[in-house]
There are 2 protein chains.
Amino acid sequence: MTQLPAASISAQPGIAYRKVKSILISEIASGALQPGVKFPNETALAKRFGVSVGTLRRAVEELVAENILVRQHGRGTFVRSLDEERFLFQFFKLADRDGNFEYPKVELVAFSQAQATSQEAKVLGLQSGDAVFRLENVLSLQDRATVHDRISIDAKLFEGLTQQCLTQRAGTIYELYQRRFGVTIACADERLRAEDADARSAELLGIAPGASVLRIERVAFTVENRPCEWRISIVNSSRVDYVSRSAHN
Amino acid sequence: MTQLPAASISAQPGIAYRKVKSILISEIASGALQPGVKFPNETALAKRFGVSVGTLRRAVEELVAENILVRQHGRGTFVRSLDEERFLFQFFKLADRDGNFEYPKVELVAFSQAQATSQEAKVLGLQSGDAVFRLENVLSLQDRATVHDRISIDAKLFEGLTQQCLTQRAGTIYELYQRRFGVTIACADERLRAEDADARSAELLGIAPGASVLRIERVAFTVENRPCEWRISIVNSSRVDYVSRSAHN
DNA sequence: AAGTGGTCTAGACCACTTG
DNA sequence: AAGTGGTCTAGACCACTTT
């Protein structure tokens, strides 16, 4: 069982369950609580924070709702590991016309380090000129190149990232962020529009330049709610849809 | 205060707070609990259902999370009325490039009653040939025609709907559904893709036929989780984005 | 059998809104 | 002052998983 300092609730702002929640978030972000490792049980955690079990549960329940923790009846509570199936599809929302999701084949087509443009800096919360990594992927579905991703990330956060890391990884890139760099992606904002494919995307996707493509701009955030990845996805949506499912009853 | 029968919990399936929730949902759907009207307070409701206040609260909290109820500290609990600002933007997700939302101007360009195609029947849970209403709207943002909506709804659910109802209404069409027909939209599934504008959409939106447009297909559900509206929106996304905001911490 | 989370209770007290 | 929801407690008992 993880041994952690007797975090004092009174040192944090806000009401009790929010304090507990924010302490848990920072411990997850710092790596003190590792993905896949079992949490202390509720009574122990409640005692550590000096709150009742009910209050502890409320904090944990919110983190479960935010997909940061997972509880399993009879087994325990865990930091959600990004290799879990359903987690992948929290961020990968392309399905075929019948609504079926498929794990994409990923090919890295470019990797470089560069100085952040003003736009990159703004989105990622950096200074213009700070180092960023830029990478480009082509994702295939049903053996057809379907998505062209351009990704920018803060080089400092991902110090030591190499082309090898990326090409030799198993699993998603978000899993790599989490396992090698301790950066856990918790949520993302996306903006979508239709546009005409530029020359590069058209070539990579094997379509005519100027064809209608779906453009998805995504900013992904860590558990601490800091922007850490900026991504433009160009999608040939002639065979797939972007699916947005609202939470049903 | 609303006077309702002493609904017996034990007659419903599932565990207590789920029973309470499903009874509340059916009472909202049936119109026994009206939008904007104050709920009985927690202790009274709990007594009516024969559960503790904590259990009642849990049911209500889930309905609040699903945007069906609204609680206001010190004032009371209400069925959410669809004319509330933020509710509009639960379903209208088009923002300008700076992320600003604007209330669209709506113009009805077609209205008819027809027999459901097999596709309409399938989506809406009808039989092929059942009566449906079809309507088309053009939505303008910043005085530019931006969205062309094609909407199909079950004619039986909206019996008595006329062109007048639609053109003379104040507020959103979902508010009309709720106020005139007692149909409260609670959530929706959406699928997006890029495509080339067809002749009709191009004309209505004042763009070239074949221009890249965003196609949004939406199925909207009632509080009882029954599909009740099918809508295809064609969006000229040269000035607006579809914004998908994930719930942050 | 032991340990975990899931549900439920019956209170207490606080914060906010309204008359 | 009265009424509402918001937070918190300290238990009880159940359901599920593991040993």
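A polar contact is a pair of N or O atoms within 3.5 Å. The views below come from a predicted model.

**View 1. B:H73 reaches a base of DNA strand C.** An N or O atom in the side chain of B:H73 lies 2.7 Å from a base nitrogen of DNA strand C. B:R75 turns to the backbone of the strand instead: a polar side-chain atom of B:R75 is 3.3 Å from a phosphate oxygen of DNA strand C. Chain A takes part too. A polar side-chain atom of A:N41 sits 2.9 Å from a phosphate oxygen of DNA strand C. Both chains supply elements that give two or more residues to this surface: β1 (69–72) and β2 (76–79) from chain A, and α1 (16–30) and α3 (53–65) from chain B.

**View 2. The surroundings of DNA strand C.** There are 19 residues around this strand. The nearest are B:A16, B:S52, B:T55, B:R58 and B:H73. By class, the surface has four nonpolar, 10 polar and five charged residues. Look at the DNA side as well. Of the atoms of DNA strand C within 4 Å of the protein, 75% belong to sugar or phosphate, and the rest belong to bases.

**View 3. Chain A at DNA strand D.** Here 20 residues surround the strand, and A:A16, A:S52, A:T55, A:R58 and A:H73 are the closest. A polar backbone atom of A:A16 lies 2.5 Å from a phosphate oxygen of DNA strand D. The side chain of A:S52 also meets a phosphate oxygen of this strand, with an N or O atom at 2.7 Å. A:H73 meets a base: an N or O atom in its side chain is 2.7 Å from a base nitrogen of DNA strand D. The elements giving two or more residues to this surface are α1 (16–30) and α3 (53–65) of chain A, with β1 (69–72) and β2 (76–79) of chain B. Four residues of the surface are nonpolar, 10 are polar and six are charged. Sugar or phosphate accounts for 77% of the atoms of DNA strand D within 4 Å of the protein.

**View 4. Charges over rings.** The charged end of A:R58 sits over the ring of A:Y17, 3.9 Å from the ring centre. In chain B, the charged end of B:R48 sits over the ring of B:F49. That distance to the ring centre is 4.6 Å.

**View 5. Aromatic pairs in chain A.** The structure holds 14 aromatic pairs over all chains. One of them joins A:F89 and A:F101, tilted at 55° between the planes and 5.2 Å centre to centre. A:F89 lies in helix α4 (residues 85–91) and A:F101 in the loop between β3 (94–96) and β4 (105–115), so the pair ties together parts 12 residues apart in sequence. A:F101 counts as partly exposed, at 24% relative accessibility. A:F158 and A:Y177 form another tilted pair, 4.6 Å centre to centre with 50° between the planes. Both A:F158 and A:Y177 are buried. They belong to one aromatic cluster with A:F91, A:Y174 and A:F181.

**View 6. Cysteines without disulfides in chain B.** Over all chains, the structure holds zero disulfides. For B:C165, the nearest cysteine sulfur is that of B:C228, 16 Å away. B:C165 counts as buried, at 11% relative accessibility. For B:C187, the nearest cysteine sulfur is again that of B:C228, 9.5 Å away. A disulfide needs two cysteine sulfur atoms within 2.5 Å. B:C187 is buried, with a relative accessible area of 3%.

Definitions and conventions. Residues numbered from 1 in each chain as written. Chains lettered and ligands numbered in written order. Predicted model: local features only at pLDDT ≥ 70, side-chain atom pairs only at ≥ 80, totals over all residues. Heavy atoms only, no water. Buried < 20%, exposed > 50% of the residue type's maximum accessible area, 1.4 Å probe, protein only. Near = heavy atom within 4 Å. Polar contact = N/O pair within 3.5 Å; in protein donor to acceptor, adjacent residues only side chain to side chain. Helix = DSSP H or I, 4+ residues; strand = E, 2+ residues; numbered from the N terminus. Nonpolar A, V, L, I, M, F, W, Y, C, P; charged D, E, K, R; others polar. Phe/Tyr/Trp six-rings, centres within 6.5 Å; stacked < 30°, edge-to-face > 60°. Lys NZ or Arg CZ within 6 Å of the ring centre and 35° of its normal.
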